[in-house]
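Work through the following exercises with the structure open beside you, and try each task before you read its solution.

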Amino acid sequence: MAPTPGGNSRRRVHVISDVHGNVRDLARAGEGADALICLGDLILFVDYADHSRGIFADLFGTENADRLVELRTARRYEEARAFGARLWAGVGMDRAAAIEKAVRRQYAELFAAFPTPTYATYGNVDIPPLWPEYAGEGTRVLDGERVEIGGWTFGFVGGGLRSPMRTPYEISDEEYAAKIEAVGEVDVLCTHIPPDVPELVYDTVARRFERGSRALLDAIRRTRPRYSLFGHVHQPLVRRMRIGATECVNVGHFAGSGKPWVLEW
């Protein structure tokens with residue numbers, strides 16, 4: 001908490017999302033802030049910018065990662081799943097065990113890099129049951145819950161909605177809406193996915209609409225938080241817009257930028 005020239009106290013919070021394995025910048029993300037907020041997607045399974053990085057490339061090589069990204073980008077999801085299944089069958093590994101081992105290795109590094117205090121929620125590619133093993137005393141995990149920071153109330157809702165990608169932590173619209181309802185009225189509404197607004201859910205590089213939440217949009221209109229903060233869409237058509245009284249901000253693809261978004265009050 002930094003004193004202002006008039007003697008009043010101000011708060012500064014750094015907010016990130018879509019870390020995707022960027023341990024180096026994560027270790028510096030909380031510098032100069034009273035707290036760090038992380039809105040999920042810690043794991044790097046496939047790097048769409050550099051196909052040589054990520055769990056898939058480590059297991060099957062860059063050439064196969066090239067093919068997987070090509071199929072997914074073309075929205076040929078069934079072919080992508082069949083391609084992956086053939087690779088797993090060819091190496092004779094237990095798929096679940098191999099992925100969990102790789103995820104655990106990433107989580108060990110990433111959670112160790114979180115500053116104190118950190119407030120975090122899950123992304124759609126995260127595996128929530130593993131988080132309690134790695135979240136230290138300085139990291140508070142919240143999902144469908146609220147917390148007070150510097151006199152403001154922050155609500156957290158993690159995960160994504162079901163999609164053709166079938167990522168690990170996708171839930172039904174009804175489950176997601178129930179978590180939004182549980183959070184209620186807050187000053188800052190923190191989610192992994194954006195509200196269901198075309199400009200906020202369209203990815204200009206992937207050239208597709210990601211899934212946003214209608215329940216989140218309705219809650220913003222109804223409860224009028226000061227801010228709605230989210231990630232998920234790496235290259236959005238619009239990074240920031242107002243919905244009524246609420247400033248909606250995509251806090252960025254941290255894996256690519258390495259820079260937190262700053263909230264001060």
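**Exercise 1. Which residue of strand 17 stands opposite R12, and how are the strands of this sheet ordered?**

Solution. Keep in mind throughout that this is a predicted model. Begin with the single pair: R12 stands opposite E264, which belongs to strand 17. Next, widen the view to the two strands, where strand 3, made of residues 12-16, is joined to strand 17 by 4 bridges, and the two run antiparallel. Then take in the whole sheet, which is open, has 5 strands in the order 6-5-4-3-17, and shows mixed pairing. Its edges are strand 6 (139-141) and strand 17 (261-264), each of which pairs on one side only. Finally, look at the twist: on average, neighbouring strands of this sheet are turned by 25° against each other, with direction ignored.

**Exercise 2. Decide whether H14 is buried or exposed, and list what H14 touches.**

Solution. First locate the residue: H14 lies in strand 3. Its relative accessible area is 3%, and because buried means under 20%, H14 counts as buried. Then turn to its surroundings, leaving out residues up to four places away in sequence: H14 touches A29, G30, E31, G32, A33, A35, L36 and I37, and also P260, W261 and V262.

**Exercise 3. Describe how helix 3 and helix 4 pack, starting from the angle at which their axes cross.**

Solution. The axes of helix 3 (residues 62-73) and helix 4 (residues 77-91) come within 8 Å and cross at roughly 160°. Since angles over 145 degrees count as roughly antiparallel, helix 3 is therefore roughly antiparallel to helix 4. As for handedness, the crossing of these two helices is left-handed. The contact is made on one side by N64, R67, L68, L71 and R72 of helix 3, and on the other by Y77, E79, A80, F83 and L87 of helix 4. Sorted by character, the residues in this contact comprise 6 nonpolar, 1 polar and 3 charged.

**Exercise 4. Carry out the same steps for helix 7 and helix 9, again beginning with their crossing angle.**

Solution. Here the axes of helix 7 (residues 173-183) and helix 9 (residues 214-223) come within 9 Å, and they cross at roughly 25°. Because angles under 35 degrees count as roughly parallel, helix 7 and helix 9 are described as roughly parallel to each other. Helix 7 passes helix 9 in a right-handed crossing. In the contact, A177, I180 and E181 of helix 7 meet A215, L216, A219 and R222 of helix 9. These residues divide into 5 nonpolar, no polar and 2 charged.

**Exercise 5. Which strands are joined to strand 14 by parallel bridges, and are the residues on its two faces buried or exposed?**

Solution. Take the partners one at a time. Strand 11 (residues 188-191) is joined to strand 14 by 3 bridges and runs parallel to it, and within this pairing the bridge partner of C190 is L229. Strand 16 (residues 246-250) is joined to strand 14 by 4 bridges, again in parallel, with E247 as the bridge partner of Y227. Now consider the faces, remembering that in a regular strand the side chains alternate between the two faces of the sheet. In strand 14 (residues 227-230), Y227 and L229 lie on one side and S228 and F230 on the other, and all of them are buried, so that both faces are covered.

**Exercise 6. What do strand 7 and strand 8 form, and how many residues lie between them?**

Solution. Strand 7 (residues 145-149) and strand 8 (residues 152-157) are joined by 5 bridges and run antiparallel. One of the opposing pairs is E145 with F156 in strand 8. Together the two strands form a hairpin with 2 residues between them, and G150 in the turn has a positive phi of about 55°.

**Exercise 7. Where are R166 and H232 found, and is each of them buried or exposed?**

Solution. R166 sits in the loop between strand 9 (160-161) and strand 10 (170-171). Its phi is near 55°, a positive value in a residue other than glycine, and at 57% relative accessibility R166 counts as exposed. H232 is found in the loop between strand 14 and strand 15 (240-243). Although H232 is not a glycine, its phi is positive, at about 75°, and at 13% relative accessibility H232 counts as buried.

Terms used: Residues are numbered from 1 along each chain as its sequence is written. This is a predicted model: local features need pLDDT of at least 70, side-chain atom pairs count only at pLDDT 80 or more; totals for chains, interfaces and linings use all residues. Side-chain values use heavy atoms; hydrogens and water are left out. Two strands pair if DSSP finds at least two bridges between them. Axes are lines fitted to C-alpha atoms, for helices over the stretch in contact, and angles run from 0 to 180 degrees between N-to-C directions. Angles under 35 degrees count as roughly parallel, over 145 as roughly antiparallel, 65 to 115 as roughly perpendicular and the rest as oblique. A crossing is left-handed if the near helix is turned anticlockwise from the far one by less than a right angle, and right-handed if clockwise. Contact means heavy atoms within 4.5 Å. Ala, Val, Leu, Ile, Met, Phe, Trp, Tyr, Cys and Pro count as nonpolar, Asp, Glu, Lys and Arg as charged, and the others, Gly among them, as polar. Buried means under 20% relative accessible area, exposed over 50%, partly exposed in between (1.4 Å probe, protein chains only).
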